[in-house]
Amino acid sequence: MAHRNNKRVRLRRATWWCRVTGTGALATGTVTALNLLFPAKDGPLLGDSSVLYAILTALFTALWWAGAALAPPLAAPPLPHSTGFVPVPAQLPRRRLTRATLTPSLFMAVLPLVVVRTIGAHAGPLEPVMPLLIAVAALLSLLLLRAWVSGLTGGSAHSGPAELRRDAAAGEVAARRVRVGPAVWVGEGDGRWSASRRLMVVAEDRQIALRTPNEESPQFPWLDLESAAVLEGREGWLCWAAAGGSWGDPVEQMGAALVTDDGYVVWGSTDRHVAEAAYAPEHSHPTAPRSVRRAPRASLYRPDVHGYALAMAAATLLALVLAERGVGPDALSWCLALVGGFTGVRGVYGYTQRLADRPGPGWAPPESGGRRGRRGPGRTPADRS
């Protein structure tokens with residue numbers, strides 16, 4: 001119990017302050033990078049738009065960091081008293097999405113051009129080869145931009161939430177009664193973010209791992225499950241789309257929604273064989289009008305990850321702005337531009353690696369959470385799936 005309480009204290013509530021200042025920092029940081037594509041004419045330091053946007057980015061970031069560090073803990077909603085049978089809801093809320101990581105991805109897409117154009121502003125003896133360098137940088141940026149656009153569209157729609165929401169509204173879904181177990185960090189170390197995090201739910205005959213849909217999406221992978229740890233111990237329905245639709249598609253993961261009896265919804269996906277086993281006549285359930293809402297929103301701030309990322313971002317912007325201003329010989333501007341390119345790439349990859357390799361708030365290693373929640377609602381110990 002002590003470990004569970006400590007785990008919950010580490011989760012912090014998402015606040016409007018962090019959303020506003022965080023969005024401002026991401027937006028002004030992106031504008032700074034885009035301004036660096038077009039080196040400014042010589043003029044006063046504070047008249048350079050890149051410098052002004054960099055200062056504004058630093059201000060927003062400091063305000064966001066302070067707000068995130070001081071945000072109140074996310075407490076678990078009180079467990080409700082049993083009220084008898086609760087139906088599967090006919091109206092499910094949409095997934096909670098974020099594309100915050102797409103801004104660093106966009107920065108990566110323009111970074112090759114930023115570095116080359118910054119060097120070009122002080123080319124000197126490199127002037128003859130600049131057209132070739134710009135062409136190579138443009139090709140690389142186009143390839144990275146293609147990946148960014150793919151993330152912007154949200155990835156594959158196979159077995160997605162839209163199908164389940166449509167079937168629920170139509171009156172019937174596949175569903176099983178479950179009890180919410182621990183949020184477990186598996187730590188597989190294969191570099192796929194959501195592959196190392198599971199919300200365990202327990203049915204009558206098995207323990208099921210609920211993951212985030214679209215595992216390969218550059219969106220934050222745990223956003224739907226970010227606050228799932230505070231729902232531990234609740235009972236409810238684990239729902240899949242009815243037969244037909246994308247059930248025939250060759251996918252490994254099937255979209256699912258966890259709906260607790262007190263009305264909280266968490267979107268995710270399960271292994272395909274778990275969903276197929278659930279589709280049997282006894283697991284086909286009608287839906288009924290019922291008020292539900294998404295699980296409480298937790299802050300995405302992680303001191304062990306964001307400290308590193310912000311330091312690398314600051315080094316990148318500082319190096320590129322100094323290179324643009326030409327604070328010394330041309331060779332110094334080249335070196336600063338290359339340093340900015342290196343720290344930018346290292347920062348983005350280091351940031352994503354830390355997200356993948358460390359549990360983060362609310363996630364328990366399997367040694368501390370593996371045995372809790374094994375009993376299904378009113379049943380004997382469950383087998384693992």
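User: In this predicted model, how many of the six residues of strand β3 (residues 197–202) are buried?

Analyst: Burial here requires a relative accessible area under 20%. On one side of β3, Arg197, Leu199 and Val201 are buried, and on the other side Arg198, Met200 and Val202 are buried, so that both faces of the strand are covered. Strand β3 is therefore largely enclosed by the rest of the structure, and the number of its residues that are buried is six of the six.

User: Which residue of β3 is the bridge partner of Val184?

Analyst: Strand β2, which spans residues 172–185, pairs with β3 in the antiparallel sense over five bridges. Within β3, the bridge partner of Val184 is Arg198.

User: Which residue of β4 is the bridge partner of Val202?

Analyst: Strands β3 and β4 form a hairpin, with three residues between them. The two strands run antiparallel and are joined by four bridges, β4 covering residues 206–210. In β4, the bridge partner of Val202 is Gln207.

User: What is the angle between the planes of the aromatic pair formed by Trp16 and Trp17?

Analyst: Two aromatic pairs are found when the whole structure is searched. In the pair formed by Trp16 and Trp17, the rings lie 5.9 Å apart centre to centre, and the arrangement is edge-to-face, with an angle between the planes of 80°.

User: Is Trp16 buried or exposed?

Analyst: The cut-off for the exposed class is a relative accessible area over 50%. Trp17, with a relative accessible area of 35%, is partly exposed. Trp16 has a relative accessibility of 59%, and therefore it counts as exposed.

User: How many residues apart are Trp64 and Tyr301, the pair that links distant parts of the chain?

Analyst: Trp64 and Tyr301 form an edge-to-face aromatic pair, at 5.5 Å centre to centre and with 80° between the planes. Trp64 belongs to helix α3 (residues 49–69), whereas Tyr301 lies in the loop between β9 (293–294) and α8 (303–325), and their separation along the chain is 237 residues.

User: Are Trp64 and Tyr301 buried or exposed?

Analyst: The two residues form an aromatic pair that is edge-to-face. For each of them to be classed as buried, the relative accessible area has to be under 20%. Both Trp64 and Tyr301 are buried.

User: Which residue lies over the face of Tyr264, at 4.2 Å from the ring centre?

Analyst: Arginine placed over an aromatic face occurs at Trp237, where Arg177 lies at 5.1 Å from the ring centre. Over the face of Tyr264, at 4.2 Å from the ring centre, lies Arg293.

Definitions and conventions:
Residues numbered from 1 in each chain as written. Predicted model: local features only at pLDDT ≥ 70, side-chain atom pairs only at ≥ 80, totals over all residues. Heavy atoms only, no water. Buried < 20%, exposed > 50% of the residue type's maximum accessible area, 1.4 Å probe, protein only. Pairing = 2+ DSSP bridges. Phe/Tyr/Trp six-rings, centres within 6.5 Å; stacked < 30°, edge-to-face > 60°. Lys NZ or Arg CZ within 6 Å of the ring centre and 35° of its normal.
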